[in-house]
Amino acid sequence: MILEREAAAGHEQFPSTVVGAMTAVRAGRASVVDFWQRHLERFRATHAPPDGRLNALVQPRHEAAMGEAAALDAGGGGPLAGVMASVKECFAVDGLATTLGIPSRIDCRDAGSGEMVRRLSRAGVVVVGKTNVPQAMFQFDCENPVWGRTLHPDRPDRGPGGSSGGDAALVAARVVPLAVGTDLAGSMRQPAHACGVTSIVPSSSSLGPCGAFDTMPHLTCLRPRAGFFARTVEDLAVVLDAILDRPVGWQRPDVETRPLRVGWWDETGPISPSPAVRRGVREAVARLTLAGLEVAAVSPTLAEEAAWLHLAILSSDGGRSIRDLLDADRPMPGIARSLAIAGLPRLFRPGLAAFANLAGRQLEARALLETGPRSRRGFEVLMARREEIRGRLAAEWRDAAGRVPDAIVCPVFALPALRHGTASSLLLAGVPCCLASLLDFPAGVVPVTLVRADECRGRDDSRDPVLREAARTDEGSEGLPIGVQVIAVDGREATLLTVMRHLDGCLST
């Protein structure tokens, strides 16, 4: 991989982690401007022609960033001084634009920096610019008509995921040690998995959207959550301490000294997991067991039920919010297809689903029945189902001794990094992310392995076009990273970080 080759060639003159950068500045071994210069070198290497094709940092602010770095060296500070960071395009940065990949928004300049950027600045972080997103932040990819396509940092035929894919790509390519994204249905977790970096999405009560532009304001019951990408779990813990302005800690603050209880499953819903995805979870479980945690398999059935409910809630306005956002702009083909399906009246859906079943499109048929516009009463039914799932969780996961897991380890995504142009077809690969989103659990991703050559084939033949596309995704995926998801069912970031810490370093990046 690119990153290992660079390290072997001795190109890493400055630490590429958050902790490494801040430690070097505190010890006087490097200045903040030194780390700004290192960032600029990496940016040019990955973005400038003829070799730099990453196209992830699409709105750089290098001159302003240099000034901020010099000011920190001259007498500023903050716990994270020395750290360069990117932010997803949905966060306001003074003088830059929030286009969301929509051409008519190209002149929508931010009048000032929003809450997230202000928090970063107070902590001594220098924001180097904004990153690319899919149009309207609506898919697991990173392409739009304004800024073009972002590539996977190691495989130009694949994408970095989405909608926070630009930030994950920058951390993976060592352009920045820290990046900020948002997550509503896996928008940070899937890119972390695809690019082989760590990520964390705190609960809404800890951080919330932190001023990010909301593309679905009608969904007051489900909110996007801000979070962070970094190279190590230690980096994430340090950043949370600084940004939340309170110690999150590494260990659960229980009075009792019992080991954490961790449940796990390796299923991924209607699209079965790629072999490397299943292996990654099982290797993570083995590592946690060796570390002394109480680990036991639990049923994934409730998680898949939660995923369909989450998708139903997200589509309950029939895609109206996204269409309003696009206004007169033409949606990209994959987004247009998703919006067309989302907007189909419920009256027509049973008949269309029956036809889809006859044509061998079983997953599309299920999606037609589960999603789409809801009346006020229909939406209230969805909310009641969410509370029912929340109430059933403890009962269905309780062990023989009556104990409920503190955390869950499971897949992030059914597949490795997607080929360009396939995200709209493979939306259901993201089912594993929906439980934490629906119930607002803190969640994170740790890279654990790479796809092996013998894991690129093996899916059963199918008439279903979604499953055929999944098989094509597996083909040629050797060497791509695989992450596992950790969900803190007890709602504590400390629990999440403790479990993630035991898995950190499984895959050296």
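**Exercise 1. Describe how helices H8 and H18 pack against each other.**

Step 1: Helix H8 (residues 233-244) and helix H18 (residues 493-503) have axes 9 Å apart, at an angle of about 160°. Here axes are lines fitted to C-alpha atoms over the stretch in contact, and angles run from 0 to 180 degrees between N-to-C directions. The model is predicted, and its local features need pLDDT of at least 70, side-chain atom pairs count only at pLDDT 80 or more, while totals for chains, interfaces and linings use all residues. Residues are numbered from 1 along each chain as its sequence is written, and side-chain values use heavy atoms, with hydrogens and water left out.

Step 2: Angles over 145 degrees count as roughly antiparallel, and H8 and H18 are therefore roughly antiparallel to each other.

Step 3: Now look at the contact (heavy atoms within 4.5 Å). H8 brings Val233, Leu236, Ala237 and Leu240, and H18 brings Glu493, Leu497, Met500 and Arg501.

Step 4: Sort these residues: six are nonpolar, none polar and two charged. Ala, Val, Leu and Met are among those counted as nonpolar, while Asp, Glu, Lys and Arg count as charged.

**Exercise 2. Describe the protein as a whole, starting from its helices and strands.**

Step 1: Count the elements: there are 18 helices and 13 strands, taken as DSSP runs (helices H or I, at least four residues; strands E, at least two).

Step 2: For the overall extent, the C-alpha trace spans about 65 × 60 × 45 Å along its principal axes.

Step 3: Finally, ask how much is tucked away: buried residues make up 58% of the 509 residues, where buried means under 20% relative accessible area with a 1.4 Å probe, protein chains only.

How values were computed. Parallel < 35°, antiparallel > 145°, perpendicular 65-115°, else oblique. Buried < 20%, exposed > 50% of the residue type's maximum accessible area, 1.4 Å probe, protein only.
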